[in-house]
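Please have the sequence and the predicted model open side by side. The paragraphs below lead through the structure one region at a time.

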Amino acid sequence: MKFFRTWLTVVVAVCVGQLQAVDEKDWYKYATFYQIYPRSFQDSDGDGIGDLKGITSRVEYLAGLGIDATWLSPPFVSPLADFGYDVADFYNIQPEYGTMADMEELIAEAHRHGIKLMLDFIPNHSSDEHDWFVKSATGDAQYRDYYVWRPAKVNGVTGAREPPNNWISVFGGPAWTFDERRGEYYLHQFTKKQPDLNYRHPALLAEMTRMLEFWLEKGVDGFRLDAINHMFEDPEFRDEPAGWGDPGTYDELDHIYTKDNPDTYTVVYDWRKLCEEYGQRVGKTVIIMTEAYASIENTMLYYEDASGTRQGAHMPFNFQLIYDFQHDQNAIGLKSSIDWWLNHMPARHTPSWVAGSHDHSRVASRVGLEHVDQVLTLLHTLPGTSITYYGEEIGMFDFKEAETYDNRDPNRTPMQWDNSVSAGFSTNRTTWLRLHPDYPTRNVAMQEAADQSTLKHFRALTAIRRRPTLMHGEFVHRTVGRDVYAFSRELHGEDTLVTVLNMADATRTVDLGDFVNLPERLTVLVAQPNSNYHAGEEVDRAQVTLLKHHSVVLRAVISGAATVRLSMVVALLAVVKYLF
């Protein structure tokens, strides 16, 4: 009897363990992220510029979207040469956006609504108006080595002063500017208003690490590390070899000495450790996301080092959907693009899926309005994290005529809330960028009132992301011919979900019989607006018909396995209680 009791106890423990195992994934591994460009989200004081109080006033809307986290483009003090990506004070808020108290209020309000808040951190450079740079340029010993300085070369023929080497800026022209105050050139891999910080100087690295700690104490839940692969340069400052681009373009050179330096990863791993240690103290997971336009091999090293012993970013940004999901993309190419990331990703890590950002054309303009709902379906049902740029939930377009300061202005126009003055973004008729003229008919209020809309489709998708199958389920994908891409998410004891996308310019009917274990009849869980299907409708597995550029999420009731397993556990517990 003693042996039987011991055996039965083990069986019960195993069954209970199986029921609880799916709860072990951390929140970020299936989270829905939403990027806010503060200058364009909501103006609270009528100056035509978005601000922190404006964002706070819209937190309830964000919660209603079903997002788990938001990340803010930089709100720090800046002369705005690159609209916040040129930071003049990492410890304070740009006055146009509000005060530190406003930031603290926003963090608290987000947390009250169950939304985590992350900051866009710019580690590679500061503004040339930052106090550190001014002191470095004028010879202050404490800050002398906070930036990358080099003496001029002298042309052997003309005697003219020349930059230290041939490095060029991402935005064009030399990556070096001469500063008369110091009598040397300083490095700037972006604009001359953005001098590169010198991470080979221990005091600078320590200062930037303290800055992260400062914001963690303010309550932020993580950081996006912008342009991280530019952080270190070749210490010998060698000329870069010829690249593959046209003369005068960034790709004119092969950037083997200014990008992807191995020392960058060490700093990321150290900052991951810092975030983990802080998170353990306060009882939460603090995450790091990295942005790096790099080879797939170099990008994967942000997850972890080659040995797998040091952990880095929880999620490097994955831009494959931005680059590869085009209007004429077919199912074969789409599957290949998704495989490209998943097949390179180290085991037990989380993919991120990004369809837009402040640096890229919006989905409706880049791919076509007819693809917007389809892209949202894909983004929110693939395994891992989804990242949505503000306004994509209503299918906003770029507005070329809004270009005023930067060629990226067209995709940074103010959020379109309603059809009132300035689209409800501001009470001021003059906004920092012009509004897209379609705002009277493309806005949140109209899509809220409509029977079907992109906004309601977005909410339906974020709602089903809470299902265990999408949080934890196995991912199997395949093409059904050239035009239809489909994938299943399957979790033992739960309904299987199948996402189907028609990439063709015409209606397609497909047989999903190659997905094993699917029943003959499937139920529509989510259908995009104007679909030939509606939620709750039954569909024949062998006759799934999709209109052009449409998508659908189907539910397959596989079995009552979860109920059966729970009943077995209850019965076994009753037996144990009787015997003991």
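Asn198 sits in the loop that links β10 (184–187) to α6. Its relative accessible area is 17%, and since buried means under 20%, Asn198 counts as buried. Setting aside residues up to four places away in sequence, Asn198 touches Asp145, Tyr146, Tyr147, Val148 and Leu204.

The helix at the end of that loop, α6 (residues 202–218), packs against α7 (residues 262–282). The two axes are 11 Å apart and form an angle of about 30 degrees. Because of that angle, α6 is roughly parallel to α7; the cut-off for this class is an angle under 35 degrees. The crossing of α6 past α7 is right-handed. On the α6 side, the residues that meet α7 are Leu205, Met208, Thr209, Leu212, Glu213, Leu216 and Glu217. Their partners in α7 are Val267, Trp271, Leu274 and Tyr278.

Met208 of α6 also leads to another loop residue, for it is among the contacts of Ile122. Ile122 belongs to the loop between β5 (116–121) and α5 (131–137). Ile122 counts as buried because its relative accessibility is 0%. Apart from neighbours within four places in sequence, Ile122 is in contact with Pro74, Gly84, Tyr85, Val87, Phe90, Met208 and Asp226. Ser73 is 49 residues from Ile122 in sequence, and the C-alpha atoms of the two are 9.8 Å apart in space.

The strand before this loop, β5, brings in a set of parallel strands. β2 and β5 run parallel and are joined by 4 bridges, with Ala69 opposite Lys116 in β5. β2 also runs parallel to β1 (residues 32–36), again with 4 bridges between them. In that pairing Ile36 stands opposite Leu72 in β2. Which residues cover the two faces of strand β2 (residues 69–72)? Ala69 and Trp71 point to one side and Thr70 and Leu72 to the other, and all of them are buried.

These strands can be set against a database annotation. UniProt, in an unreviewed entry, lists residues 35–465 as "domain: Glycosyl hydrolase family 13 catalytic". Over residues 35–465 the chain is 29% helix and 12% strand. The C-alpha atoms at the two ends of this range are 18 Å apart.

Next comes a pair of helices, α12 (residues 372–381) and α14. Their axes come within 9 Å and cross at roughly 10 degrees. That angle makes α12 roughly parallel to α14, and the crossing is right-handed. From α12, the contact is made by Val372, Asp373, Leu376, Thr377, His380 and Thr381. From α14, it is made by Thr454, His457, Phe458, Leu461, Thr462 and Ile464.

Helix α14 (residues 454–464) also lies across two strands, β20 (521–527) and β23 (551–556). The helix runs at about 125 degrees to β20. Both strands belong to an open sheet of 6 strands, in the order β16-β17-β18-β23-β20-β21, with antiparallel pairing. The edge strands of this sheet are β16 (474–480) and β21 (538–540), each of which pairs on one side only. From one strand to the next, the twist averages 30 degrees.

Starting from the β16 edge, 7 bridges join β16 to β17, and the two run antiparallel. Val476 stands opposite Ser488 in β17. The hairpin of β16 and β17 has 3 residues between the strands, and in this hairpin Gly481 takes a positive phi near 75 degrees. The next step in the sheet pairs β17 (residues 484–490) with β18 (residues 496–502), antiparallel over 6 bridges. Here Val484 stands opposite Asn502 in β18.

Which strands does helix α10 (residues 331–344) lie across? The answer is β16 and β17, with the helix running at about 150 degrees to β16. The sheet is thus crossed by α10 at β16 and β17 and by α14 at β20 and β23.

Methods
Residues numbered from 1 in each chain as written. Predicted model: local features only at pLDDT ≥ 70, side-chain atom pairs only at ≥ 80, totals over all residues. Heavy atoms only, no water. UniProt positions renumbered as here; feature names shortened; annotations may be inferred. Buried < 20%, exposed > 50% of the residue type's maximum accessible area, 1.4 Å probe, protein only. Contact = heavy atoms within 4.5 Å. Pairing = 2+ DSSP bridges. Axes fitted to C-alpha atoms, helices over the stretch in contact; angles between N-to-C directions. Parallel < 35°, antiparallel > 145°, perpendicular 65-115°, else oblique. Left-handed = near helix turned anticlockwise from the far one by under 90°.
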